[in-house]
Amino acid sequence: MDIDARGPRFGAAVTSVVLAAVLITGSVWLLAWQTLAFALGAAGGVGRSSYGWLFRKAVRPRIGPPTEFESPQPPRFAQAVGLAFAALGLVGYGIGPEWLGLAATGLALAAAFLNAAFGYCLGCEMYLLVRRVAVRAE
């Protein structure tokens with residue numbers, strides 16, 4: 001079943017704010033929260049993530065029904081990619097080196113911002129590329 005295309009973009013906007021706050025404050029706890037949000041999105045799909053729930057309950061009722069839908073698999077893959085970068089950031093901030101935490105968090109922020117501001121999902125594009133390569137390899 002396809003999902004409302006606005007949901008992942010909303011999640012990316014919230015993620016951008018959270019990751020920017022992590023870079024400003026260096027908060028391991030805030031990055032841990034974002035890592036959990038990515039884990040929920042990767043495990044259950046973006047609709048089951050904390051930001052997906054917030055979109056469904058608070059945002060979508062105010063902006064009306066969706067007019068554009070997308071497959072849930074690419075955003076779910078993107079959440080897994082975000083999870084990997086956030087986990088790497090946790091390692092860097094938690095046990096070092098700090099530059100690893102800054103770099104991983106910064107890269108995750110860049111990807112989230114691209115999706116939030118321009119609707120360009122890097123993780124989704126990676127998913128499509130992996131699918132094309134896998135089909136050719138068969």
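I count a residue as exposed when its relative accessible area is over 50%, as buried when that area is under 20%, and as partly exposed in between. With this cut-off I looked up Phe 118, whose relative accessibility of 59% therefore makes it exposed. I keep in mind throughout that I am working on a predicted model.

**The pair at Phe 118**

I then looked for the ring that goes with Phe 118 and for the geometry of the two. A search of the whole structure gave me three aromatic pairs. In one of them, Phe 113 and Phe 118 have ring centres 6.1 Å apart and planes at 90°, so I noted the pair as edge-to-face. I also checked Phe 113 by itself, and at 46% relative accessibility it counts as partly exposed.

**The pair at Phe 55**

Another of the three aromatic pairs joins Phe 10 and Phe 55, and here I read a distance of 5.8 Å between the ring centres and an angle of 40° between the planes, so this pair is tilted. I asked myself which parts of the chain the pair ties together. Phe 10 belongs to helix α1 and Phe 55 to helix α3, residues 50-63, so the link spans parts that are 45 residues apart in sequence. Phe 55 has a relative accessibility of 4% and is thus buried.

From Phe 55 I went to Gly 44, which I found in helix α2. The two residues are 11 apart along the chain, and their C-alpha atoms are separated by 15 Å. Gly 44 has 23% relative accessibility, and I entered it as partly exposed.

**The core**

Next I looked up the largest nonpolar core, and I found eight residues in it: Leu 19, Val 22, Leu 31, Phe 38, Ala 86, Tyr 93, Ala 108 and Leu 109. Four helices each supply at least two residues of this core, namely α1 (6-25), α2 (28-44), α4 (73-95) and α5 (98-118). I followed Leu 19 further and, leaving aside residues up to four places away in sequence, I listed its contacts as Leu 31, Gln 34, Thr 105, Ala 108 and Leu 109.

**The chain as a whole**

I counted six helices and two strands, and from the N terminus on I read the order of elements as β-α-α-α-β-α-α-α. Among contacts with a separation of 6 or more, 70% are between residues 24 or more positions apart. For the extent of the chain, I noted that the C-alpha trace spans about 45 × 45 × 25 Å along its principal axes. The radius of gyration is 15 Å, which agrees with the value near 14 Å for a compact globule of 138 residues. Buried residues make up 35% of the 138, and the accessible surface comes to about 8000 Å², with 68% of that belonging to carbon and sulfur atoms.

**The record against the model**

Finally I set the UniProt annotations beside the coordinates. An unreviewed entry marks residues 12-32, 77-96 and 102-122 as "transmembrane region". In the model, residues 12-32 are 90% helix and 0% strand, with the end C-alpha atoms 16 Å apart, while residues 77-96 are 95% helix and 0% strand, with the end C-alpha atoms 27 Å apart. UniProt also lists residues 3-132 as "domain: DUF4395", again in an unreviewed entry. Over that span I read 82% helix and 3% strand, and a separation of 22 Å between the end C-alpha atoms.

Conventions:
Residues numbered from 1 in each chain as written. Predicted model: local features only at pLDDT ≥ 70, side-chain atom pairs only at ≥ 80, totals over all residues. Heavy atoms only, no water. UniProt positions renumbered as here; feature names shortened; annotations may be inferred. Core = buried A, V, L, I, M, F, W, Y, C linked by side-chain atoms within 4.5 Å. Buried < 20%, exposed > 50% of the residue type's maximum accessible area, 1.4 Å probe, protein only. Contact = heavy atoms within 4.5 Å. Rg over C-alpha atoms; globule rule 2.2 N^0.38 Å. Areas by Shrake-Rupley, 256 points an atom, 1.4 Å probe, with all protein chains shown as cover. Phe/Tyr/Trp six-rings, centres within 6.5 Å; stacked < 30°, edge-to-face > 60°.
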